[in-house]
Amino acid sequence: MRILVTGGAGFIGSHLSEELLRRGHEVWALDDLSTGRIENLRTFERNPRFRFLEGNVMDAALVHGLVAQCDQVHHLAAAVGVKYVLENPLKSLITNIRGTEVVLEACSEHERKVMVASSSEVYGKGASVPFSEDDDRLMGPTHKLRWSYAAGKAVDESLAQAYYQQHQLPVVIVRCFNTCGPRQSSAYGMVIPSMVQRAIAGQPILVFGDGQQSRCFSAVHDVVRGILGLMEKREAEGEVFNIGSDEEVTVFELAQRIKRMCRSDSPIEVVPYDHVYGHSYEDMRRRVPDLRKIRRYTGFRPQISLDQLLEMTIRDHCEQMSIPCPVGVATA
């Protein structure tokens with residue numbers, strides 16, 4: 001097939017594009033390079049079945065023209081990262097909502113199957129752990145801009161569901177949980193690349209909050225595999241799926257593990273949220289996905305452990321910085 005990947009120069013989008021090419025498809029990647037990077041495409045940009053197009057997903061004429069020429073769409077274009085969203089709340093909301101609306105309009109008009117990437121953020125401060133796709137959602141107050149991203153992604157999901165129910169658009173919605181791995185930038189507040197970069201450089205490893213909040217960090221290769229598995233299943237159309245890992249770790253434990261694996265002498269420093277993000281930020285204590293639904297539909301199970309994910313990320317950062325990798329990378 002010829003497949004359009006919006007946000008194709010981004011972290012997840014570039015890995016998805018690479019895997020689609022490996023499977024023999026033709027890939028058109030659309031990205032405005034606001035957070036995506038040409039460097040993410042270096043390993044496959046010369047593939048004759050790959051085409052990069054610089055453009056904005058809110059350009060309706062452009063998107064309609066591309067969708068008309070493709071067989072399937074993976075919509076990942078979005079404003080990403082806590083730091084970016086807090087610094088650009090209005091742009092983030094407009095990009096995430098209007099961009100998704102444009103893509104869904106085009107896919108509906110041209111009858112193309114589409115994957116819409118959502119986020120575990122939509123669960124908000126949900127207290128029922130692990131998070132299940134049918135759980136109620138609990139959002140913080142609107143003046144805490146930290147929740148604007150969650151609100152935007154929830155609207156994206158609602159738009160996708162409306163197109164499915166009213167126009168029978170074949171759409172699959174995936175909620176990604178803290179996707180990490182090679183190529184992920186630390187520039188937008190992503191925790192693992194930020195910690196790895198500081199550990200390698202011998203700088204203090206910063207832990208925001210009290211460090212006892214827990215997360216499940218998912219390897220991008222597992223996430224891509226899960227997405228493609230869902231897109232092969234017709235019965236997944238119109239459904240929402242958690243995707244990621246259910247291996248839980250506190251942020252403080254994560255910092256300790258990264259320090260040990262990097263053989264770093266960096267101190268670990270705990271920093272209050274308001275010193276970093278001001279007073280527009282709130283956090284949730286735990287974020288763990290219930291993976292039973294995606295397992296039921298596709299047999300999906302994460303294959304890459306947290307230790308393996310950290311090792312891949314450390315090696316990638318060392319390569320980017322042209323420095324020797326810690327000998328063998330110490331296991332946690």
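# A tour from loop to pocket

Start by selecting Leu-33, which lies in the loop between β2 (26-31) and β3 (50-54). Strand and helix names follow DSSP runs numbered from the N terminus: helices are H or I with at least four residues, and strands are E with at least two. Phi of Leu-33 is near 65 degrees, a positive value in a residue other than glycine.

A word on the model before moving on. It is predicted, so local features need pLDDT of at least 70 and side-chain atom pairs count only at pLDDT 80 or more, while totals for chains, interfaces and linings use all residues. Residues are numbered from 1 along each chain as its sequence is written, and side-chain values use heavy atoms, with hydrogens and water left out.

**Stop two: Pro-130.** Select Val-129 and Pro-130. The peptide bond from Val-129 to Pro-130 is cis, with omega near 5 degrees. Pro-130 sits in the loop between β5 (113-119) and α5.

**Stop three: α2 and α4.** Show helix α2 (residues 60-69) and helix α4 (residues 89-110). Their axes come within 9 Å and cross at roughly 40 degrees. Axes are lines fitted to C-alpha atoms, for helices over the stretch in contact, and angles run from 0 to 180 degrees between N-to-C directions. α2 and α4 are therefore oblique to each other. Under 35 degrees counts as roughly parallel, over 145 as roughly antiparallel, 65 to 115 as roughly perpendicular, and the rest as oblique. α2 passes α4 in a right-handed crossing: the near helix is turned clockwise from the far one by less than a right angle, and anticlockwise would be left-handed.

Now color the contact (heavy atoms within 4.5 Å). From α2, pick Ala-60, Val-63, His-64, Val-67 and Ala-68. From α4, the partners include Val-102, Val-103, Ala-106 and His-110. This contact has 8 nonpolar, 2 polar and 2 charged residues. Ala, Val, Leu, Ile, Met, Phe, Trp, Tyr, Cys and Pro count as nonpolar; Asp, Glu, Lys and Arg as charged; the others, Gly among them, as polar.

**Stop four: α4 and α5.** Keep α4 and add helix α5 (residues 148-167). They pack at an angle of about 15 degrees, with axes 9 Å apart. That makes α4 roughly parallel to α5. Their crossing is right-handed. On α4, the contact residues include Leu-93, Ile-97 and Leu-104. On α5, look for Tyr-149, Val-155 and Leu-159, among others. By class, the contact holds 8 nonpolar, 6 polar and 3 charged residues.

**Stop five: α6 and α8.** Show helix α6 (residues 191-201) and helix α8 (residues 251-261). Their axes come within 10 Å and cross at roughly 40 degrees. α6 and α8 are therefore oblique to each other, and α6 passes α8 in a right-handed crossing. Select Val-191, Ile-192, Met-195, Val-196 and Ala-199 of α6 with Val-251, Leu-254, Ala-255 and Ile-258 of α8. The contact has 9 nonpolar residues, no polar and no charged.

**Stop six: Tyr-273.** Tyr-273 lies in helix α9 (residues 273-277). Leaving out residues up to four places away in sequence, Tyr-273 touches Phe-208, Gly-209, Gln-213, Gly-278, Tyr-281 and Asp-283. Draw a distance from Tyr-273 to Gln-168: 44 Å, C-alpha to C-alpha, with their positions 105 residues apart in sequence.

**Last stop: a pocket.** Select His-15, Arg-37, Glu-39, Asn-40, Arg-42, Thr-43, Pro-182, Arg-183, His-221, Asp-316, Glu-319 and Gln-320, which line the second largest pocket. A pocket here is an open set of points on a 1 Å grid over the protein atoms alone, where a 1.4 Å probe fits, with protein on both sides within 12 Å along at least five of seven lines; lining residues have an atom within 4 Å of a point. The pocket's volume is about 230 Å³; a volume is the space filled by probe spheres set on the points, which are joined across faces, edges and corners. Helix α11 (residues 306-320) gives the most to the lining, with 3 residues. The lining divides into 1 nonpolar, 5 polar and 6 charged residues.
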